[in-house]
Amino acid sequence: MSWLDSIGPLHGWAIATAVVVSACCAIVGTPLVVRRMSLLGDAISHAVLPGLVVAVLLGAQPGGIGVLVGATAAAMVTVWFTRFLYRQAGLWEDASVGVSFTTLFAAGVLLVTISGSRVDLDPGCVLYGILELVPFDTVDLYGWDIPRAFLSASFVLLLVSCGMWCTWRWQLFTAFDCDAAKAAGVPTVAVTVGLLVGVSLATVAGFVAVGAILVVAMLVVPAAAAERLVHRLHHAVWLAVMIAVVGAIGGYLLAWRFGTSAAGMMAVVLGVEYVIAILVAPDDGVVARLVSKLVYLWRVQCEDRLASFWRAEESGYARHESTVGGLVDRWLRVNGQVQKQENALVLTPQGRVNAEVIVRSHRLWETWLGRHVDLPVDHLHPPAEWIEHHLGEQVRKRIENELGNEDVDPHGSVIPREKR
Amino acid sequence: MIHLAFVMAFLPYNTLVVASGVAAVGCAAGVIGTFGVLRKRALVGDAAAHATLVGVALALLVTGQRNLAVLLVGGLVSAMVAIVLLVLIRKFTRTRDDAATAIVLSVSFGLGITLISGMVSRGIPGSGGLERFLLGHTASLTANDALLLGTVSVVGVLCIVVGLKEATMVAFDPDFAAASGWPAATLDLVLIALIAVMVVVGLPAAGAVLVTALVVIPPAVARQWTERLIPMLVIAGLVGFLSALSGVVISSLAVQVPTGPVVVLVATAFLVLSIFGAPCRGILWRTRAVSSLSSEFLTKTEVGVATPTGTERRP
């Protein structure tokens, strides 16, 4: 990795800023995604622009407190405007989000272009940030030259994590059941407004680094990925922060390697991480579904094989390993279900018990079907062949009780007794 | 409007052609967007719009020519890919719909930015102007480009006119349409594809970031004025037409102003006026109706105030 050696302290500052910003966004983004408010995050990230520009025009220092206040105010205006369109103008929910963020963003872009040189922003930087230039705008802090964007992002990180820490129980309760939280006396409106203020602070911090639209990626993508991988909300927050940090560092290095936009590459890396997350997600990921299907197929194979040993014993000849052989037999031997005797495989006592359960399920079901469903005898086998892998002890007992003391199935074979 | 016509009479020929082309786009986007909004697909269009950048950049990279038609075809392909991805995420993962939209939107935009900025830094010819697709810049359009945009728009509106009954069925009740034997899924797909086409031809006018406003705001305005579909389509088309036209004219007078923001703000001005002033649904109208109603019936009682529209409003 020779290209990595030449990375200097300036890049270090840029990466540090990106890491802090994405941590901020991931912390507030997780409750946002869980509460189905991702699109409000999208709207806020577009809408902080006019607030930012107006604050700068009024004389606030870029990266200072005034800008944070202005942008937060603009975010609140967006939320209000969206609610106004939804409630008062009777617009559809998604359409009101679409109207409010395009309007505020358009106003912001127009302000930027009209005010020209008085605001140190260009429309391009509004859209995808100037992370590469962050290290050059520094503040002298006790003899250290620290980038302004890094300082303000760290301040926001402190604010956001303290706020989350203090109101965590309320956030959790509101996120999962807003009505119940309200009934229990949680100030849900204040909690929601607090969350949205956090989102707008994180957005402003991210604005300089990655621009308006890619902030959305930082807010939503790590949270959505983390939410697929773990179930507890506080685990999801930690995981989202980790995913975001990996995305920030990986994205910056890749962008530097290929000479392209750092902010864009970060969004791409986050997207790749999300795809990985939905592939390996433990409950509904593609890999998990595949594995559980394979495990099921394997169990069916093993049980069918075991039952066929039992039937072979019943009809009086021993199976030879060479007939089917292969992995299934080897697995059954390793598990102690079958053993080798004089060059042939026979069931162990344990294996016999298991095999009897399967054959018993099969024949009980055939008998039950034969009695209750009007099917010809040669149609009873296929459903039983499938259901024998799924009947539990309770169901077997109920069928047994219902059948009385029937011990021969419709084909005339004896139903083996269960050893309990 | 007279002022607008007056200003237009003094515009150069090229600007006039471009203005008419873009106005046609605005009109078609309003008409087709009405169905998108009724079908609650407003933000699917937004995700598609952000994804167009990838296709535009790749089209330039692959063909090497900066022909608007080629770039827009690339944009259309990537917009459709984004829509397919969105559907796949919604169907096969438990990620919520809104998060899925935000993910597709932001990641595809990031990919587009990465491609464009990588191409710019490698000095690929023509890549410098791609940033115009971010916010829209009609000043760089030629008369031929405008003709292309106008033709596509007219074809789009014709599609809607021909398939008005089908589109209405799918927009209002897709389940009923399917149950009555219509190919509802295919029609739905055609409708989404039409929205994607409108988003793509809207790119030169409004840019990837703001083009969704062209398909959302005019229907929202029209909704304030009427409860019926055909008048809504006409009003949405008209509002789209006027916003796009005035956007182009204003931004052609002030060169450095990108077109997209102007178009959006004009459309929003229409919306705000309608929300307050439209008959029946307008806020002023409702307030007057409520006050006259309450002075007639409710002055002596202290029960509360009912609004004629039944909307929840606290006194």
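Reader: Before we get to numbers, what counts as a nonpolar core here?
Author: In this predicted model, start from buried residues of the types Ala, Val, Leu, Ile, Met, Phe, Trp, Tyr and Cys. Link them wherever their C-beta atoms lie within 7 Å, and the joined set is a nonpolar core.

Reader: OK, so how many residues does the largest nonpolar core have, and which helix gives the most to it?
Author: The residues with the most contacts inside that core are A:Cys24, A:Leu214, A:Val220 and A:Met266. The core itself has 225 residues. With 17 residues, its top contributor is helix α2 (residues 9–34) of chain A.

Reader: Which residue of chain B does A:Met266 touch?
Author: Leave out anything up to four places away in sequence. Within chain A, the partners of A:Met266 then include A:Ala18, A:Val210, A:Leu214 and A:Tyr252. On the chain B side, the partner listed is B:Gly110.

Reader: How many residues are in the other core, the one lying apart?
Author: Its members include A:Cys302, A:Phe309, A:Ala355 and A:Val359. The count for this separate core is 13 residues.

Reader: Is A:Leu196 buried or exposed?
Author: A:Leu196 is found in helix α10 (residues 188–210) of chain A. The cut-off for burial is 20 or more other C-beta atoms within 10 Å. A:Leu196 has 21 such neighbours, so the label is buried.

Reader: And which residue that A:Leu196 touches is 121 residues apart from it in sequence?
Author: Skipping residues up to four places away in sequence, A:Leu196 touches A:Ile44, A:Ala75 and A:Val79. One of these is 121 residues away along the chain but 8.0 Å away in space, C-alpha to C-alpha. That residue is A:Ala75.

Reader: Staying in chain A, are α11(A) and α12(A) parallel, perpendicular or oblique to each other?
Author: The axes of α11 (residues 212–229) and α12 (residues 233–258) of chain A come within 8 Å and cross at roughly 125°. The crossing is right-handed. An angle between 115 and 145 degrees falls outside the parallel, antiparallel and perpendicular ranges, so the two helices are oblique.

Reader: How many charged residues sit in the contact of α11(A) with α12(A)?
Author: On the α11(A) side you'll find A:Met218, A:Pro222 and A:Glu227, among others, and on the α12(A) side residues including A:Leu239, A:Ile243 and A:Gly247. The split is 11 nonpolar, 1 polar and, for charged, 1.

Reader: Over to chain B: how many helices and how many strands are there?
Author: From the N terminus on, the elements run α after α. Buried residues make up 52% of the 315 residues in this chain. The tally for chain B is 14 helices and 0 strands.

Reader: Are α2(B) and α10(B) roughly parallel or antiparallel?
Author: Helix α2 (residues 13–38) and helix α10 (residues 184–210) of chain B have axes that come within 9 Å and cross at roughly 150°. Angles over 145 degrees count as roughly antiparallel, so that is the label: roughly antiparallel.

Reader: What does that contact of α2(B) with α10(B) divide into?
Author: α2(B) brings residues including B:Val25, B:Ile32 and B:Phe35, while α10(B) brings B:Leu194, B:Met198 and B:Val201, among others. The crossing is left-handed. By type, the contact divides into 12 nonpolar, 3 polar and no charged.

Reader: Last one: which helix gives the largest share of the side of chain B that touches chain A?
Author: In all, 49 residues of chain B are in contact with 51 residues of chain A. The chain B side divides into 27 nonpolar, 14 polar and 8 charged. The largest share, 16 residues, comes from α5(B).

How values were computed. Residues numbered from 1 in each chain as written. Chains lettered and ligands numbered in written order. Predicted model: local features only at pLDDT ≥ 70, side-chain atom pairs only at ≥ 80, totals over all residues. Axes fitted to C-alpha atoms, helices over the stretch in contact; angles between N-to-C directions. Helix = DSSP H or I, 4+ residues; strand = E, 2+ residues; numbered from the N terminus. Parallel < 35°, antiparallel > 145°, perpendicular 65-115°, else oblique. Left-handed = near helix turned anticlockwise from the far one by under 90°. Contact = placed C-beta atoms within 7 Å. Nonpolar A, V, L, I, M, F, W, Y, C, P; charged D, E, K, R; others polar. Buried ≥ 20, exposed ≤ 12 C-beta atoms within 10 Å, placed from the backbone.
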